[in-house]
Amino acid sequence: MPYSLMILPGDGIGPEAMSEVKKVISWLQENADIEFDIQEDLVGGAAIDAYGVPFSDETLEKCKKADAVLLGAVGGPKWDNVDYNIRPEAGLLRIRKELDLFANLRPAIVFDALIEASTLKEEVVRGLDILIVRELTGGVYFGEPRGIEDLGNGQRRGVNTQVYTTSEIERVGRIAFDLAKKRSNRVCSCEKANVMESGKLWREDMSALHAAEFSDVELSHMYADNCAMQLLRNPSQFDVIVTDNLFGDILSDEAAMLTGSLGMLPSASLGMSGTGICNALYEPVHGSAPDIAGQGKANPLASILSFSMALRYSFNRGDLADHLEQAVQNVLNSGIRTADIMADGCKQVSTSEMGDILVERLSAQPLQSQSAA
Ligand code: IPM
Ligand code: MG
């Protein structure tokens with residue numbers, strides 16, 4: 001049975017990066033024992049232009065049926081003034097909520113070949129491999145009440161609500177602990193239990209979950225502001241960081257920048273549907289970068305590495321993910337670079353050249369492919 005893939009290239013550099021992912025998919029279909037049934041649709045600004053909404057009901061239905069969704073990026077200045085409820089970002093939030101993608105995995109990995117790209121000292125970031133697990137469908141992003149009200153005296157009042165329930169905390173906690181077991185077995189849970197009740201609950205529920213199900217994993221707690229500081233001071237102390245939606249948004253940007261190469265970072269958003277089937281969406285951490293769109297300058301590796309996460313988490317093909325990630329390492333080690341990660345002595349290539357060279361490397365390496373059970 002082929003796996004069904006829903007591709008949503010989106011806006012800005014999303015489509016050009018996704019074209020390179022498609023080259024990788026074609027290579028796999030021809031050379032490995034895996035098959036995909038691919039559909040494509042619009043999201044974000046492109047969908048606003050075509051359908052009047054950033055994420056349509058029809059697109060949602062197709063995404064629900066797919067084994068995995070690959071997303072490019074959304075947004076751009078063209079849609080800065082559309083109604084707040086149908087802005088491109090609202091489409092992204094709707095996908096997350098409707099597919100119940102509650103666990104957002106954002107790795108921050110420093111590739112040896114790119115260590116100079118970090119603004120931090122080499123000895124601080126060498127070998128860095130952190131995984132941020134961000135809660136993605138709750139907290140202040142979705143809490144009610146929310147809105148802007150007119151107080152009638154020339155004043156307005158803006159309200160958002162930070163809210164978490166035990167089950168929301170536990171389900172993202174389970175994902176973090178499970179992933180830590182396959183890594184260095186350490187979870188750091190971040191909140192503001194010193195100021196917020198929802199943070200106090202977060203800490204208590206994480207501790208209870210740890211005691212009940214994961215006492216073999218090392219758990220520590222940290223206030224989110226301290227975590228922001230520790231990420232700069234000594235990032236290697238972290239293995240898995242689990243945190244809420246808003247702190248995860250901020251800390252994952254910070255962790256991404258430790259690597260100096262935002263154009264390299266993938267992400268996965270995972271959830272369970274009512275039938276127990278795992279929904280999953282894979283997207284690069286970088287945005288739509290409208291300033292460089294259409295110029296062949298975009299780095300397609302974050303989108304390609306996001307597809308690699310799909311191979312690993314949705315299709316249980318760690319062997320093919322390893323093969324792909326090895327090819328990415330090889331390309332970097334041989335000094336091939338897109339503009340964003342260009343360095344002295346390296347060769348600068350365009351978006352599509354990067355994809356072509358990567359595919360050549362995929363063929364050059366022996367493929368030790370084993371069928372998923
Ligand atoms: C992210 C982005 C989004 C978020 C925006 C675009 C809505 O910053 O995925 O981190 O805040 O979650
Ligand atoms: Mg963000």
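In this predicted model, ligand 1 is surrounded by E89, R96, R106, R134, Y141 and D249. By class, this shell holds 5 charged residues and 1 nonpolar residue. It has no polar residues. Tyr counts as nonpolar in this scheme, whereas Asp, Glu and Arg count as charged. Y141 is therefore the nonpolar member of the shell.

Three side chains place an N or O atom within 3.5 Å of the ligand, as set out here in turn. For R96, a polar side-chain atom lies 2.7 Å from an oxygen atom of ligand 1. For R134, a polar side-chain atom is found 2.8 Å from an oxygen atom of the ligand. The side chain of D249 also takes part, with an N or O atom 2.8 Å from an oxygen atom of ligand 1. Taken alone, ligand 1 exposes 320 Å². The protein buries 72% of that area. The site itself is a pocket, and ligand 1 sits in the second largest one.

The protein chain is assigned two domains, domain 1 and domain 2. Domain 1 is made of two segments, 1-102 and 274-368. Domain 2 covers 129-258. Between the two domain centres, taken over C-alpha atoms, the separation is 26 Å. The domains are in contact, with 7 residues from domain 1 and 10 residues from domain 2 taking part.

The ligand shell can be read against these bounds. E89 and R96 belong to the shell, and their numbers fall in the segment 1-102 of domain 1. R134, Y141 and D249 are also in the shell, and their numbers fall in 129-258, the range of domain 2.

Key. Residues are numbered from 1 along each chain as its sequence is written. Chains are lettered from A and ligands numbered from 1 in the order in which they are written. This is a predicted model: local features need pLDDT of at least 70, side-chain atom pairs count only at pLDDT 80 or more; totals for chains, interfaces and linings use all residues. Side-chain values use heavy atoms; hydrogens and water are left out. A residue is near a molecule or strand if one of its heavy atoms lies within 4 Å of it. A polar contact is a pair of N or O atoms within 3.5 Å; within protein, one must be able to donate a hydrogen and the other to accept it, and residues adjacent in sequence count only if both atoms are side-chain atoms. Accessible areas come from the Shrake-Rupley method with a 1.4 Å probe; for residues, only the protein chains shown count as cover. On a 1 Å grid over the protein atoms alone, a cavity is a set of points where a 1.4 Å probe fits but cannot get out, and a pocket is an open set with protein on both sides within 12 Å along at least five of seven lines; lining residues have an atom within 4 Å of a point. A molecule sits in a cavity or pocket if more than half of its atoms lie within 2 Å of its grid points. Domain bounds come from an automatic or database domain assignment. Contact means heavy atoms within 4.5 Å.
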